[in-house]
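Trainee: I should like to take a close look at a single part of this model, the place where the ligand sits. Which residues are around the ligand, and what space does the ligand take?

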Amino acid sequence: MAYQRITVSRFAGACGAEIEGVDLTRPLDDDTVAEIRRAIVENLCVFFRGQGGMTDADQARFARYFGAFGREPFVEGEETHPNVIAVVKEADEGGKPNFGGNWHSDWSFLETPPAFTFLRALELPPYGGDTMFASQYLAYESLSAGLRATLEGLNGVYSARRSYGPTGAFADNRNARSMKIRTGPEALEEVLHPIVRVHPESGRRALYANPAYTMRFENMSERESQPLLAYLFAQSVRPEFTCRFTWSAGALAMWDNRCVQHFAINDYGGFRREMRRSTIMGERPLSVGEARPMRAAE
Ligand code: SIN
């Protein structure tokens, strides 16, 4: 069905579209919001360029059209808005890990991970600092029927410990030191999620396992889980499943964590990059078994 309110231009085979025709510094009408929601279901991640006048309050208002704010477990919100966090890397942090510099689905160690993330560019390096996205629908759909059936019965154990635990990457405060990150023992908590989740809006199945937060399979050790997880992590981000967004001043990205992973490329040492991020809460990920009765009842 054609769009009436917005222009949607797909730019990669797997996912990713640019949206024109909206000014995010102003409130949007219901029809425009409904079209943006349709565009993200169809394209998985969408991008709005030229939104340079946006404030944190504008970003928060736009995000809220899509649900309630999610929890930001290990990063403090901005004074201007508690649900907007600053993602910053200073020019002198060249060789250090950046925030988001590993393939992941946002906060997937939470019981109810975010459905949507919004990321807005405030200051960009002259080159580099792109963000990549990978379709987890295609990652799942291109597995063999046998492996798909096996994975549909498995849960993964998710935890934030490698990033935010007492000995995690960000516990070394030389890493991402320009960000307001907290680390601690609460990051050791573990949560179970299905390795194949069913998207509540599209009804499609997506692989849900990422190297940042998926520790192992339920009832298996990390050592036992590692070979199959390593295969799935590589499968998740095959080049033909990805798109790459090159930021421009005032651009805002919106992605659906229920069906994409993303990766912030750390290739701009010597330059500053500052972004603002907010998340909108999703539902507890549904397994294939849980989703079936729901879909039959529709
Ligand atoms: C993130 O993982 O949310 C950060 C992405 C980016 O900075 O490009």
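Mentor: In this predicted model, the residues around the ligand are Val-87, Phe-99, Gly-100, His-104, Leu-119, Thr-131, Trp-255, His-262, Ala-264, Arg-273 and Arg-277. Sorted by class, this shell holds 5 nonpolar, 4 polar and 2 charged residues.

Three side chains of the shell deserve attention for their polar atoms. In Thr-131, a polar side-chain atom lies 2.5 Å from an oxygen atom of the ligand. The side chain of Arg-277 has an N or O atom 2.7 Å from an oxygen atom of the ligand. For Arg-273, the distance between an N or O atom of the side chain and an oxygen atom of the ligand is 2.8 Å. The ligand exposes 260 Å² when taken alone, and the protein buries 100% of that area.

Consider next the space itself. The ligand takes up the space of the largest cavity. Two elements give two or more residues to the shell around the ligand: strand 14 (260–264) and strand 15 (273–281). Strand 14 and strand 15 also each supply at least two residues of the lining of the largest cavity. That cavity holds about 100 Å³ of space. Its lining consists of Val-87, Phe-99, Gly-100, His-104, Asp-106, Leu-119, Thr-131, Trp-255, His-262, Ala-264, Arg-273 and Arg-277. You may compare this list with the residues around the ligand: Asp-106 belongs to the lining of the cavity. By class, the lining divides into 5 nonpolar, 4 polar and 3 charged residues.

The model has 3 cavities of 30 Å³ or more. The second largest cavity has a volume of about 70 Å³. Among the residues that line it are Val-87, Phe-99, Ala-264 and Arg-273, and these four names also appear in the lining of the largest cavity. Other residues in the lining of the second largest cavity include Val-88, Lys-89, Glu-93, Pro-97, Asn-98, Ala-176 and Tyr-268. Strand 4 (residues 85–89) gives the most to this lining, with 3 residues. The lining of the second largest cavity has 7 nonpolar, 1 polar and 3 charged residues.

Cavities are enclosed, whereas pockets are open, and the pockets complete the picture. The largest pocket has a volume of about 260 Å³. Of the 18 residues that line it, Gly-100, Gly-101, Asn-102, Ser-163 and Phe-170 lie nearest its centre. Gly-100 is thus a residue to remember, as it is also listed around the ligand. Helix 5 (residues 161–164) gives the most to the lining of the largest pocket, with 3 residues. That lining divides into 9 nonpolar, 6 polar and 3 charged residues.

The second largest pocket contains about 190 Å³ of space. Its lining is made up of Arg-71, Pro-73, Phe-74, Phe-109, Leu-110, Glu-111, Ala-160, Glu-186, Ala-187, Glu-189, Glu-190 and Val-191. By class, these residues divide into 7 nonpolar, no polar and 5 charged.

To return to your request, the ligand takes the space of the largest cavity, and the protein buries 100% of the area that the ligand exposes when taken alone.

Methods:
Residues numbered from 1 in each chain as written. Predicted model: local features only at pLDDT ≥ 70, side-chain atom pairs only at ≥ 80, totals over all residues. Heavy atoms only, no water. Near = heavy atom within 4 Å. Polar contact = N/O pair within 3.5 Å; in protein donor to acceptor, adjacent residues only side chain to side chain. Areas by Shrake-Rupley, 256 points an atom, 1.4 Å probe, with all protein chains shown as cover. 1 Å grid on protein atoms, 1.4 Å probe; cavity = no way out; pocket = protein on both sides within 12 Å on 5 of 7 lines; lining within 4 Å. Sits in = over half its atoms within 2 Å of the grid points. Helix = DSSP H or I, 4+ residues; strand = E, 2+ residues; numbered from the N terminus. Nonpolar A, V, L, I, M, F, W, Y, C, P; charged D, E, K, R; others polar. Points joined across faces, edges and corners; volume = space filled by probe spheres on them.
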